[in-house]
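Biologist: Please take a close look at one part of this chain, the nonpolar core, and then relate the rest of the chain to that part. Plain wording will do, since the reader is a first-year student.

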Amino acid sequence: MYRWCGLVIQALLLALVVQVAPQVTYDVTCSAKLMKVMIMVGSNQSNVFVENLRGFKGCMPKTVAGKAVIKLPLDNFHECGTTRMTNKYTGHTLYYNRIIIDQAKKPREVLLVKCVLPGDKTKPAEWEKRPKRNVLPPGFFEAEDLNITNIVAHAPTPYLHLAVRQNGRVLDTAYNVQPGTPLEMVIYLDSKSSCSMRQRSNRLWTQEARNPRRDAL
């Protein structure tokens, strides 16, 4: 089961985007309202953009002195396709996005940039709200000799992928949707978390430039 799941995720990754280990130098600065990504592109003719938002106004980088700077808002994180995830155990909030770097005669590079903002320490964590039992269950017996092993483990951080395909081609802002052509949306988790976690979509809507928003899910 796990092997089959891993093969499916690997096939999806190869079909959607070829991802290699980052070769460029970059820096991420985080604040409560902004994630600033600075990528050292040098004098190379590089095309840098947010995944699926090539040429999208408001999310395009500014290149100065060989540095491409992208500012991703966190107070309105939907604006540039940033994903927000809250850890209910620790109260920390994770924001992440993907930056694409295209260079001539080089494979495409994908940077996973992220910010982790600490939770409010004045508020109790989710696990601290759980009610505690004041009495032991009937018939409880505690052995005289106990062999307790302290095991601490954490599940991998899930990263969500989303793509829209038309006739098998992944769409972004560089392509125009052909009227009447069915679109396919693919939502999946990364390979590490896909075999131990599942995703659920509870709201989905579509909106065109001149038409009001329509709920699809």
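Modeller: The largest nonpolar core has 22 residues. Those with the most contacts inside this core are Met35, Ile39, Val48 and Ile99. Keep in mind that the model is a predicted one. Five strands each supply at least two residues of the core: β2 (34–40), β3 (46–50), β5 (67–73), β7 (93–103) and β8 (109–117). Of these, β8 gives the most, with 4 residues. As a general point, nonpolar side chains in soluble globular proteins tend to be buried together.

Ile99 is a useful residue to select on the screen. Leaving aside neighbours within four places in sequence, Ile99 is in contact with Ile39, Val48, Phe49, Val50 and Ile70. The list of its contacts also includes Glu109, Val110, Leu111 and Val113. Two of the names in that list, Ile39 and Val48, have already come up among the residues with the most contacts inside the core.

Next, Thr93, which is found in strand β7. Thr93 has a relative accessible area of 16% and therefore counts as buried, the cut-off being under 20%. Not counting residues up to four places away in sequence, Thr93 touches Arg84, Met85 and Thr86, and also Cys115, Val116 and Leu117.

A salt bridge can be added to this picture. The side chains of Arg108 and Asp102 meet in one, with 2.8 Å from N to O. Arg108 is partly exposed, at a relative accessible area of 30%.

The structure holds 2 salt bridges, and the other one leads to another part of the chain. Glu184 forms a salt bridge with Arg165, and their closest N and O atoms are 2.9 Å apart. Because Glu184 lies in strand β11 and Arg165 in strand β9, the pair ties together parts that are 19 residues apart in sequence. Glu184 is partly exposed, with 40% relative accessibility, whereas Arg165 is buried, with a relative accessible area of 15%.

Strands β9 and β11 belong to an open sheet of 3 strands, in the order β10-β9-β11, with antiparallel pairing. β10 (169–170) and β11 (183–189) stand at the edges with a single partner strand each, so one side of each has no neighbour in the sheet. Between β9 and β11, which run antiparallel, there are 7 bridges. To follow one of them, start at His161: its bridge partner in β11 is Tyr188.

Strand β9 (residues 160–166) also holds Leu162. Leu162 counts as partly exposed, at 45% relative accessibility. Together with Met185 and Leu204, Leu162 forms a nonpolar patch on the surface. The accessible area of these three residues together is about 240 Å².

Finally, some totals put the core in context. The secondary structure of the chain comes to 2 helices and 13 strands. Of the 217 residues in the chain, 26% are buried. The chain exposes about 16400 Å², and carbon and sulfur atoms supply 53% of that area. Among contacts between residues at least 6 apart in sequence, 56% join residues at least 24 apart. The contact of Ile99 with Ile39 is one to look at when reading that last figure.

Conventions
Residues numbered from 1 in each chain as written. Predicted model: local features only at pLDDT ≥ 70, side-chain atom pairs only at ≥ 80, totals over all residues. Heavy atoms only, no water. Core = buried A, V, L, I, M, F, W, Y, C linked by side-chain atoms within 4.5 Å. Buried < 20%, exposed > 50% of the residue type's maximum accessible area, 1.4 Å probe, protein only. Contact = heavy atoms within 4.5 Å. Patch = residues over 30% accessible without salt bridge, like charges linked within 9 Å, V, L, I, M, F, W, Y side chains within 5 Å. Areas by Shrake-Rupley, 256 points an atom, 1.4 Å probe, with all protein chains shown as cover. Salt bridge = Lys/Arg side-chain N within 4 Å of Asp/Glu carboxyl O. Pairing = 2+ DSSP bridges.
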